[in-house]
2 protein chains.
Amino acid sequence: MARIVMKFGGTSVANLERIHNVARHVKREVDAGHEVAVVVSAMSGKTNELVGWVQDMPKVAGAASPFFDAREYDAVVASGEQVTSGLLAIALQAIGVDARSWQGWQIPLRTDAAHASARIDSIDGALLISRMAQGQVAVIAGFQGIAPDNRIATLGRGGSDTSAVAIAAAVNADRCDIYTDVDGVYTTDPRIEPKARRLAKVAFEEMLEMASLGSKVLQVRSVELAMVHKVRTFVRSSFDKPEDIDPHGEPPGTLICDEDEIVEQEVVTGIAYAKDEAQVSLRRVADRPGVAAAVFGPLAEANINVDMIVQNISEDGSKTDMTFTVPNGDLAKALAVIEAARGEIAYDAVQSEPGLTKVSVVGIGMRSHAGVAATAFKALSQKGINIRAITTSEIKISILIDGAYTELAVRTLHSVYGLDKA
Amino acid sequence: MARIVMKFGGTSVANLERIHNVARHVKREVDAGHEVAVVVSAMSGKTNELVGWVQDMPKVAGAASPFFDAREYDAVVASGEQVTSGLLAIALQAIGVDARSWQGWQIPLRTDAAHASARIDSIDGALLISRMAQGQVAVIAGFQGIAPDNRIATLGRGGSDTSAVAIAAAVNADRCDIYTDVDGVYTTDPRIEPKARRLAKVAFEEMLEMASLGSKVLQVRSVELAMVHKVRTFVRSSFDKPEDIDPHGEPPGTLICDEDEIVEQEVVTGIAYAKDEAQVSLRRVADRPGVAAAVFGPLAEANINVDMIVQNISEDGSKTDMTFTVPNGDLAKALAVIEAARGEIAYDAVQSEPGLTKVSVVGIGMRSHAGVAATAFKALSQKGINIRAITTSEIKISILIDGAYTELAVRTLHSVYGLDKA
């Protein structure tokens with residue numbers, strides 16, 4: 001017997017037929033003797049409809065500002081998951097599985113006061129645990145909790161992953177199964193490299209890098225949470241036939257786990273990429289304390305998401321070059337902000353270039369292996385791919401290149417680290 | 001300054017434009033210095049969509065029974081009003097009116113345990129009153145509260161009227177304005193009798209009879225509640241332009257109030273009718289104690305809504321005729337129930353007739369005026385309309401006739417009691 005949290009996203013509950021399919025996945029685990037909690041998203045498209053209404057309401061009212069009260073946004077948008085939770089409970093009862101729906105405020109799942117992008121403060125797992133112990137499936141509306149003001153708070157888009165991992169931690173679940181429209185985490189994007197292999201296991205830290213680097217499989221916050229609470233998390237497919245799966249064995253898909261669980265650590269685990277980046281370079285910036293703050297403070301205030309930041313040590317200690325990347329769509333705004341701050345930053349010239357791609361090599365094994373970066377640089381250079389900028393962390397190397405070379409670079413790196421081999 | 005509860009139904013909040021229009025109605029009252037709570041229904045069509053999903057879910061799951069858990073029905077269906085309450089709060093804020101949404105569980109509005117058709121147990125008005133005193137409009141999701149099991153409970157279809165009146169009683173409101181798609185209560189249906197007049201005032205008891213008799217303006221339960229708590233309730237139009245109304249004067253529309261408030265009481269206030277009734281007559285039933293229970297017990301168990309019941313005193317004390325009416329749609333089921341109970345009831349024959357109409361004359365003044373019934377019988381007979389059955393109460397006479405004569409009977413009675421005159 002295991003205690004399992006299962007999470008199903010919007011496409012998995014898009015209509016009554018799919019909700020029935022989810023119920024059959026749940027029944028399989030219940031029939032195997034497991035205690036089960038299920039976390040659900042809103043039916044596909046519902047959240048967008050609700051968010052659209054909230055955003056349009058001030059315009060329809062002729063308001064000068066598009067402002068809306070985040071607490072009311074939460075009341076409106078959270079209704080989507082509420083509907084799914086009730087329907088799945090009914091679907092489970094219809095096939096003979098005892099179940100009830102739980103809203104965030106009923107558990108309670110307590111959040112901070114940051115409505116519309118709240119963080120989870122605490123979850124009282126006692127009620128859930130006692131009901132699960134009685135054999136009742138807990139069907140939990142994801143993405144939401146209750147804020148200190150006794151009002152509904154949502155966790156931000158994609159928050160249902162975070163709900164699921166947090167619930168799993170709160171009820172001491174043996175594992176958390178995230179059902180998605182892919183069947184696991186791959187060594188790279190299979191649409192680019194057909195030889196990409198599904199990973200049996202990925203360490204939390206690696207998954208965190210891959211999630212940050214553009215892999216859409218899991219929300220970054222949910223991986224952080226899983227890492228902190230050591231929640232064994234499986235990424236698996238909701239399209240598998242419920243009957244084809246052995247509920248007693250290890251689930252199919254990819255296990256995200258502590259690195260200790262991964263016996264034979266590969267040097268490199270995967271190749272990630274993020275397209276549509278733009279580079280901004282400030283030439284001959286005065287190299288004095290506070291200059292980085294002068295550059296990135298105004299960008300943050302303008303709500304521009306700065307990604308890579310590269311600054312070289314200046315030759316003579318007086319002037320330096322500074323490069324950073326932003327999403328293509330934010331480039332014009334970023335340049336305007338930099339131009340407006342010219343008096344304070346004191347640079348000679350600005351250069352910019354849109355349409356770039358950041359390719360990243362990720363692997364926990366890198367920490368103990370020299371030469372991983374050199375291998376990447378050599379392989380790319382042999383293909384004639386120019387490296388514009390490089391940043392590294394302990395377990396990751398990120399390289400900025402021209403967007404036109406994206407696929408070639410991903411395939412080259414995938415091959416050079418031996419990830420093609422079964 | 002007055003404290004006002006305003007209630008808007010589904011068609012009044014059907015889309016963002018109409019929600020904006022509702023906000024302007026509310027702003028008018030706020031600008032006049034009133035304290036305001038608004039009770040809203042789900043956007044038109046939403047409740048039907050949600051109910052449809054709940055009803056279809058067991059079928060999609062292949063369940064033998066169409067059973068669904070009423071508690072889950074409540075969680076799903078209550079989401080419709082939740083959405084409207086958030087959107088209206090945003091619409092009010094957008095035009096400069098301080099407002100916040102309230103769900104039933106936040107107030108709290110406590111109900112009994114009868115999920116899906118709950119009755120209100122108690123409402124804590126303290127929080128609402130203190131916020132309204134600070135000038136904040138309370139936007140309340142109608143139709144719902146919280147049951148003793150800490151789960152959402154809905155009040156049954158049309159329950160938002162009941163919510164509004166109950167909230168008005170709980171916050172000691174000066175009045176409750178029910179905005180509808182008609183501009184008040186009429187002496188009869190204007191589609192049948194163009195000379196029908198809008199009533200300035202109707203006594204609670206009269207409105208109760210008219211609501212029970214087919215007038216769709218207000219839910220019966222809300223009128224009962226208004227009567228018990230003496231909530232002055234206005235039926236008024238949501239299509240009036242918000243700017244055209246003087247927020248300081250008495251509202252346009254019909255006031256439903258204590259009969260003491262109605263100085264010049266008319267003998268007859270209005271003519272109501274209910275179409276599509278079917279008559280069932282049991283001939284020569286044994287006239288002994290318990291026979292009525294033997295007839296109506298099984299009908300109630302079969303969930304058949306019996307309306308008129310007529311039983312004559314038998315001539316010789318041994319056999320009697322018994323007649324009752326049911327909706328046309330329930331006739332076949334009613335006859336099957338009666339046939340199955342033949343052994344117990346002991347009757348000679350059953351006769352039935354669908355396609356009948358019940359016409360009712362309503363008026364509190366009737367109590368002190370003799371001859372009101374005789375006037376009706378004579379007028380109908382002069383038009384050649386055959387009376388099939390009669391039931392009376394202190395303030396109402398109901399007459400069962402052939403459906404083909406509905407319009408003629410309504411116009412005849414409307415005229416004979418002088419309701420045509422301005």
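By what turn and what shift along the axis can chain A be laid on chain B? The turn is 180° and the shift is 0.0 Å. The RMSD of this fit is 0.1 Å. The two copies are thus related as by a two-fold rotation axis. This is a predicted model.

A:Ser79 is the residue of chain A that comes closest to the rotation axis. Its C-alpha lies at 2.6 Å. The same surface serves both copies, since 100% of the contact residues of chain A recur in chain B.

**Between the chains**

Chain A brings 33 residues to the contact, and chain B brings 33 residues. On the side of chain A that touches chain B, four helices each supply at least two residues: H1 (16-31), H2 (46-60), H3 (70-77) and H4 (79-94). H4(A) gives the largest share, eleven residues.

**Between the domains of chain A**

Chain A is divided into domain 1 (3-259) and domain 2 (270-416). Their centres, taken over C-alpha atoms, are separated by 33 Å. In chain A, 15 residues of domain 1 are in contact with 15 residues of domain 2. On the domain 1 side, helix H7 (residues 204-212) of chain A gives the most, with four residues.

**Residue classes**

The table sorts the residues of two contact sides by class.

| Side | Nonpolar | Polar | Charged |
|---|---|---|---|
| Chain A, touching chain B | 20 residues | nine residues | four residues |
| Domain 1 of chain A, touching domain 2 of chain A | five residues | four residues | six residues |

Note on methods: Residues numbered from 1 in each chain as written. Chains lettered and ligands numbered in written order. Predicted model: local features only at pLDDT ≥ 70, side-chain atom pairs only at ≥ 80, totals over all residues. Contact = placed C-beta atoms within 7 Å. Nonpolar A, V, L, I, M, F, W, Y, C, P; charged D, E, K, R; others polar. Least-squares fit on C-alpha atoms with pLDDT ≥ 70 in both. Domains from an automatic or database assignment.
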